[in-house]
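I opened the notebook to look up two things here, a cavity and its lining, and then a helix and its surroundings. The model comes first.

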Amino acid sequence: MRGPLGSVIGRYPSSDGSSQVGGIIRQNRKCRDVPFLVIFIALWVAMIVNSSFGFNQGNPSRLTYGLDYKGNVCGDKHANPDLHELELMYWLNPNQVYLSGLKNSQFKLANARTICLLDCPIPSEDTLNWVCDYPAGDIRISFNDWIDSNYDYFEFLTPEMRNTSLQLQGPCYPVIFPSVNVFWRCQYIAHPSNVSLRHWQQMGGVHINEDIIIDKSIHKSINARSSVLKRYMADIGKAWPVLIVCGGLLPLFLSVIWLLMIRHFVAAMPWITVALFDILIILVTMFSYLKAGWIRNDAISPIIGEHDPYYHVSGRELSHLRTVAVLMTVIMVVAILTSIAIVRRILMATSVLKVAAKVIGEVQALIIFPVIPYVVLAIFYMVWFSAAFHLFSSGRIVQNDCDSSCCAYDLESKKVSCDHCCGYSIHYTSHIAVAIIFHLFGCYWATQFFIACSATVIAGSVASYYWAHGGTSPEITFLPVFSSMRRLMRYSLGSVALGSLTVSFVESVRFMLESIRRKLKVTGTTPDGCIGKIAHHTSQFCLRCVEWTIKSVNRNAYIMIAITGKSFCRASAIATELIMNNILRIGKVNVIGDVILCLGKLCVSLLSAVFAFLMLDTHKYRSAHNKITSPLFPVLVCWALGYIVATLFFAVVEMSIDTIILSFCQDSDEHQGTAQYAPPLLIETLNDQNEIQRLTQ
């Protein structure tokens with residue numbers, strides 16, 4: 001009986017009609033799915049152009065620091081005046097802050113007068129402190145002297161300037177409320193100093209509102225969703241050493257160690273993997289509880305630097321961590337119960353892993369090969385992250401359009417000016433949003449492409465091993481890995497591009513549908529009826545099943561592409577037919593092996609997350625300039641990078657198992673149900689009659 005590949009694999013007729021040996025991997029190939037390779041190249045060109053726009057227009061400092069009333073980014077050494085060390089944004093006029101917090105007010109906090117300072121001012125215990133505008137005009141003091149005098153030159157003001165200052169129009173403003181550094185903004189604490197307020201009233205100053213609205217107005221601005229998202233992006237930039245160590249180097253080391261242990265201690269590895277997975281997921285959950293403040297008193301704080309413990313300020317980041325802690329608790333319980341459920345099946349996984357271990361032992365270059373796509377991806381991610389930071393901060397700084405509530409004294413014109421006194425904001429257009437979405441899609445497609453290329457090369461190498469009777473043979477080239485790489489580069493890049501595009505497209509559709517679902521949930525238009533909810537959850541489940549199925553089909557398609565050189569669609573059809581014809585023989589064995597390999601990937605990624613938590617818990621990232629607002633995003637990025645690196649290396653075992661099983665199926669179909677080329681260990685694993693009977697039942 002001939003299989004779906006006909007005479008492609010095994011012994012096939014030569015051009016003169018005689019049967020000859022030497023057809024282990026089909027050699028008479030041609031380029032397939034070329035249009036999709038052209039599309040992939042066009043994507044790279046578009047990503048380069050897109051990134052160039054970000055590098056030209058963006059400034060990552062905008063993600064962390066605020067703007068002063070002149071539109072300068074605090075901490076910018078190129079600003080006028082030089083704000084290199086002045087990173088904190090301070091609202092000068094407390095009445096403007098109060099006005100912006102009123103429900104029916106048209107005045108926005110972004111229009112309140114702000115300047116950049118070195119530290120947040122606090123009221124004096126026996127007199128009245130002032131914070132004055134940047135020195136200019138008739139104020140003949142240097143910028144450094146202004147900083148050294150705590151931003152106070154009230155004594156040098158003319159009577160006219162003093163009068164406008166008492167009207168809260170500058171150039172000097174009283175320090176009535178204490179303030180603390182909350183994410184590089186001086187957050188007002190709505191507890192005015194009685195001493196300072198009494199001095200202000202004695203000098204004839206205008207009424208200053210003391211309501212809690214002053215506190216809430218700034219707090220609301222700091223915890224807006226856009227502000228939190230910017231801080232999360234800035235956290236990734238500040239924690240780049242953690243990303244390199246825990247997202248790149250550590251997963252590389254752990255993945256290689258895991259492969260070597262599979263090679264030499266294969267019988268113990270499934271048990272070690274399951275036990276380590278349970279321990280690590282418990283550790284990650286405990287770290288989440290620790291940072292959420294539910295274990296000990298170590299919750300993350302939005303306040304930067306030293307502060308009076310009397311002041312308590314919470315941020316949206318803390319609520320996010322608490323949500324993650326609850327989610328991790330649920331995942332931990334499910335994971336532990338699942339681990340207990342598969343204990344009886346671990347012996348079956350061991351027998352499958354032994355076959356992969358033998359392949360790795362024979363084709364030893366497979367352990368080293370994933371380093372090549374790893375280096376390519378590492379370079380790609382470094383450039384991609386840098387471009388992402390610039391794209392995310394590439395909005396234009398424009399002046400707001402507001403009324404005359406922001407009138408202030410201008411030191412240059414020597415009068416109170418109500419023209420062009422509105423604040424500045426970073427304006428993001430829809431084009432920037434599209435550019436960011438395209439940048440994310442390009443990253444996902446490129447990642448899937450490199451992983452698919454790696455998997456195809458491994459499949460071609462393992463197939464060469466199988467069809468040489470599972471051992472060394474003159475029919476296998478001296479370097480099967482490099483031969484497989486050559487075939488991929490010459491013939492199959494288009495097919496790999498199509499397969500990776502399919503996964504990326506389905507994942508993008510699922511992401512967009514999830515975004516629409518969230519928006520409908522916010523607006524309250526989600527289906528409330530029982531049938532509507534069932535339909536909604538069913539559609540989500542079906543979409544996830546489709547995504548999983550496509551990924552599984554793609555993996556088998558890459559194997560047949562490596563063996564036959566067929567196009568992606570044809571290779572998918574061949575692989576599906578082989579699997580369906582042998583589903584009872586390979587289904588249960590393959591699933592258990594995949595579960596163990598998935599747990600292994602999660603072990604590497606979870607260990608990366610644990611070390612990221614530990615590194616981010618040091619003094620460097622908990623205080624001062626390098627303080628991160630929350631460990632959540634850097635840890636998630638380290639987890640994702642660790643999983644991607646583990647996927648590259650674990651593909652050696654994963655693709656070895658799948659390639660050998662598919663080759664076994666084809667071998668059996670070509671030889672009337674008896675595999676002629678299969679290694680004895682594989683025959684013993686897959687031809688266990690008792691197991692087949694249990695599967696049939």
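I sorted the lining of the second largest cavity by residue type and found 4 nonpolar, 3 polar and 2 charged residues (Ala, Val, Leu, Ile, Met, Phe, Trp, Tyr, Cys and Pro count as nonpolar, Asp, Glu, Lys and Arg as charged, and the others, Gly among them, as polar). The model is a predicted one, in which local features need pLDDT of at least 70 and side-chain atom pairs count only at pLDDT 80 or more, while totals for chains, interfaces and linings use all residues. Residues are numbered from 1 along each chain as its sequence is written, and side-chain values use heavy atoms, with hydrogens and water left out.

I noted the lining residues as Arg29, Thr456, Val457, Ser484, Arg487, Leu488, Ser492, Ile561 and Ala562. Two or more of them come from each of α14 (430-466), α15 (480-523) and α16 (530-564), and α15 gives the largest share, 4 residues.

I then turned to α5 (residues 194-202), where Ser196, Leu197 and Trp200 are buried (under 20% relative accessible area, against over 50% for exposed, with a 1.4 Å probe and protein chains only). Seen down the axis of α5, these buried residues fall within an arc of 100 degrees, so they line one face of the helix (the arc is taken from the directions from the helix axis to the C-beta atoms). On the other side of α5 I found Asn194 and Gln202 exposed.

I recorded β5 (130-132), α4 (159-166) and β6 (172-174) as the elements against which the buried residues of α5 pack. Just after α5, Gly204 has a positive phi of about 90 degrees.

Technical notes. 1 Å grid on protein atoms, 1.4 Å probe; cavity = no way out; pocket = protein on both sides within 12 Å on 5 of 7 lines; lining within 4 Å. Contact = heavy atoms within 4.5 Å.
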